[in-house]
Amino acid sequence: MKGRCLCGAVSITVVGEHEHEIGACHCRMCQLWTGGVFVCFRADAPSVQVTGKVARHASSGFAERAFCPVCGSHLWMRDTDRDGAPYDLMPGLFEAARDWPLRSEIYSDRAMASARLEGAHTRTPRHEFEADNAHVEGDMP
Ligand SMILES: [Zn+2]
Ligand SMILES: [Zn+2]
């Protein structure tokens, strides 16, 4: 499965195991990064091959957000506090992801009015997500 950024300077090939469903996040950091709602699917690290120069922003003490330094397309979010962490890849880069369903939404109570997602998927509000993920630094004010 092949994907690419807007300008084509970065291409990503997923050769092995990956999800075929989408997760969404409405935390404040994701809103600032994406301009709206963050969506991703997970792929095992050994399955992901990246070509082209990539810029990385350490958005927290345990995760990076990668983007194309030429066109700014978002590429992935990934934990950096352990080796071999999976990639949370941006589905919009992959034509193959067009029809994948939304599986779950976190920080669902923080969604902007313009980015509320309909459907029967799982919704986890901020307090529940942070209770189960003690390492997250929390939503920003
Ligand atoms: Zn690009
Ligand atoms: Zn988020």
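## A tour from the zinc site to the strands beside it

Begin at the zinc ion (ligand 1) of this predicted model, whose donors are spaced along the chain as C-x1-C-x60-C-x2-C. Within that set, the pair cysteine 5 and cysteine 68 links distant parts of the chain, 63 residues apart: cysteine 5 sits in the loop between strand E1 (2–4) and strand E2 (11–14), whereas cysteine 68 sits in the loop between strand E7 (63–67) and strand E8 (74–79).

Next, select the protein donors themselves, which are the SG atoms of Cys5, Cys7, Cys68 and Cys71, lying 2.3 to 2.4 Å from the zinc ion (ligand 1). If you display the angles that the four donor atoms subtend around the ion, they come to 107 to 112 degrees, and the arrangement is therefore tetrahedral. For comparison, the ideal angle for four tetrahedral donors is 109.5 degrees. Adding a surface to the view is useful for cysteine 5 and cysteine 68, since both are buried.

From cysteine 68, turn to the strands on either side of its loop, E7 and E8. These two strands run antiparallel and are joined by five bridges, forming a hairpin with six residues between them. In the turn, select glycine 72, which has a positive phi of about 85 degrees.

Then move along the hairpin to arginine 65, which stands opposite methionine 77 in E8. Keep methionine 77 selected and look towards strand E9 (residues 87–89), where methionine 77 stands opposite aspartate 88. Three bridges join E8 to E9, and this pair also runs antiparallel.

Notes:
Residues are numbered from 1 along each chain as its sequence is written. Chains are lettered from A and ligands numbered from 1 in the order in which they are written. This is a predicted model: local features need pLDDT of at least 70, side-chain atom pairs count only at pLDDT 80 or more; totals for chains, interfaces and linings use all residues. Side-chain values use heavy atoms; hydrogens and water are left out. Donors are N, O and S atoms within 2.8 Å of the metal (3.2 Å for Na, K and Ca); water is not among the atoms, so sites may look incomplete. Four donors count as tetrahedral if all angles lie between 85 and 135 degrees; four count as square planar and six as octahedral if opposite donors are over 155 degrees apart and all others between 65 and 115; anything else is irregular. Helices (H or I, at least four residues) and strands (E, at least two) are DSSP runs, numbered from the N terminus. Buried means under 20% relative accessible area, exposed over 50%, partly exposed in between (1.4 Å probe, protein chains only). Two strands pair if DSSP finds at least two bridges between them.
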